[in-house]
Amino acid sequence: MNAHIRHRVTTLALAAATLATMGVGLAAAGPATAATSVTSRPGCTPATVATAQQALEAALQSRVTELASLTTDVQNATGLTATDRATVSGTLSTTSSGIQSLVGEAPSAATCLAVWQEAKSMVQNYRVFAVVAPQTHLDIAADTADGIETTLAGQEPNIQSAITASGKDGVNTTAAQASFADLQSQVTAAQGLTSGVPATVLAQTPASYPGSSPVFVSARNALRSGFADLKQADADLQAIVADLK
Amino acid sequence: MRFRAVALAAALVGTSLAAAACGGGGTTAQVVGTPVTRPHPAPTTPIRATGGSSTPTTAVSGTGTGSSVPTGGSPPSAPPVSPTTITQLNAQLGALGTSLNQVDTDLAQAQGDQ
């Protein structure tokens with residue numbers, strides 16, 4: 001865990017703990033528990049609301065930092081398709097605008113109810129960590145995988161031609177041909193695993209939570225399997241190149 | 001006087017006067033000798049022969065010795081995939097691994113924070 005993540009986790013833990021102690025816990029922002037939390041804020045008093053307000057500001061700032069990091073990741077992601085880049089960038093822009101609006105309002109949250117309402121909006125309306133972050137990185141990964149699959153599939157005719165030409169020159173191409181068959185199989189398998197991921201993850205919204213969580217886990221698992229297939233395909237390609245030298 | 005005239009005439013054509021001298025009075029002088037030939041003047045332009053053919057009418061044959069130039073082996077086969085493509089693939093695989101690691105972090109973090 002790098003320093004940035006450690007800092008963020010620590011900050012969030014403190015914010016959550018502080019708000020929870022004051023009955024304004026982030027968990028209380030969930031729809032199912034909101035009513036209970038509103039009525040059980042024994043720790044939030046006029047004497048301690050300033051501390052809760054500061055915790056809220058820290059939680060908002062951690063989201064600002066996360067969104068900036070995600071925006072940079074999108075900008076640097078060469079594998080993103082133009083369409084997905086526009087979609088993800090739009091989500092990040094909208095979310096950033098909303099969070100920045102809360103940042104501007106947070107200093108004015110002078111009551112426990114105001115702090116709680118701000119925290120609830122921050123969590124429920126934007127779901128930066130639960131939805132936006134995994135959604136962004138999953139889409140980048142899925143599009144990158146798709147790019148690799150396209151590259152490998154596009155090279156398959158060239159590879160077959162090279163194997164055929166080497167065979168005519170008297171080179172034993174048995175191993176190369178077997179590696180090529182495996183390469184094709186791995187690419188096809190990866191395509192089957194990853195092709196639907198972008199549409200699935202981009203369909204998730206803050207309102208999708210908590211149902212979005214298993215969707216993201218499933219997408220991650222599919223991409224992990226596809227990644228393994230593509231690494232094997234790359235190994236096959238390296239073997240073919242070596243065999244035909 | 002007539003003799004002298006004939007002799008003179010013979011002398012003028014450059015021939016022997018022997019017959020005339022022996023002939024005595026009134027006979028016709030007979031000119032004997034070899035014709036004088038003059039050398040043809042040298043040509044002022046080179047003389048060139050024409051009318052030949054460049055195509056030999058008989059087969060040209062012959063043998064010779066010499067070293068042959070080595071031609072080497074056949075050129076190496078082109079790689080099935082260019083080095084640039086392989087580099088690109090490796091970069092893409094690295095980027096995919098990085099993104100998946102970020103997803104792992106996101107999902108782990110999302111469990112404790114919303």
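This report describes the domains of chain A, one of its helices, and the contact between chains A and B. The model is predicted.

**Domains of chain A**

Two domains make up the division of chain A: domain 1 (3-126) and domain 2 (130-243). Between them, 16 residues of domain 1 of chain A are in contact with 12 residues of domain 2 of chain A. On the domain 1 side of this contact, helix H3 (49-76), helix H4 (82-105) and helix H5 (112-125) of chain A each supply at least two residues. The largest share, 5 residues, comes from H4(A). By residue class, this side of domain 1 of chain A holds 6 nonpolar, 7 polar and 3 charged residues.

**Helix H7 of chain A**

Helix H7 (residues 174-194) of chain A has 21 residues, and at 1.5 Å a residue these should span 30 Å; the end C-alpha atoms are 31 Å apart, which agrees. Among the buried residues of H7(A) are Phe180(A), Leu183(A), Val187(A) and Leu193(A), and the polar Ser179(A) and Gln186(A) also belong to this group. The buried residues cover an arc of only 150° around the axis, and therefore lie on the same side of H7(A). On the other side of H7(A), Thr174(A) and Ala181(A) are exposed. The cover over the buried residues of H7(A) includes the helices listed below.

| Helix of chain A | Residues |
|---|---|
| H6(A) | 128-168 |
| H8(A) | 197-202 |
| H9(A) | 212-243 |

**Contact between the chains**

Chain B places 25 residues in contact with 43 residues of chain A. The side of chain B that touches chain A consists of 12 nonpolar, 11 polar and 2 charged residues.

Definitions and conventions: Residues are numbered from 1 along each chain as its sequence is written. Chains are lettered from A and ligands numbered from 1 in the order in which they are written. This is a predicted model: local features need pLDDT of at least 70, side-chain atom pairs count only at pLDDT 80 or more; totals for chains, interfaces and linings use all residues. Two residues are in contact if their C-beta atoms, placed from the backbone, lie within 7 Å. Helices (H or I, at least four residues) and strands (E, at least two) are DSSP runs, numbered from the N terminus. The expected span of a helix is 1.5 Å times one less than its number of residues. A residue is buried if 20 or more other C-beta atoms lie within 10 Å of its own, exposed if 12 or fewer, and partly exposed in between; C-beta atoms are placed from the backbone. The arc is that of the directions from the helix axis to the C-beta atoms. Domain bounds come from an automatic or database domain assignment.
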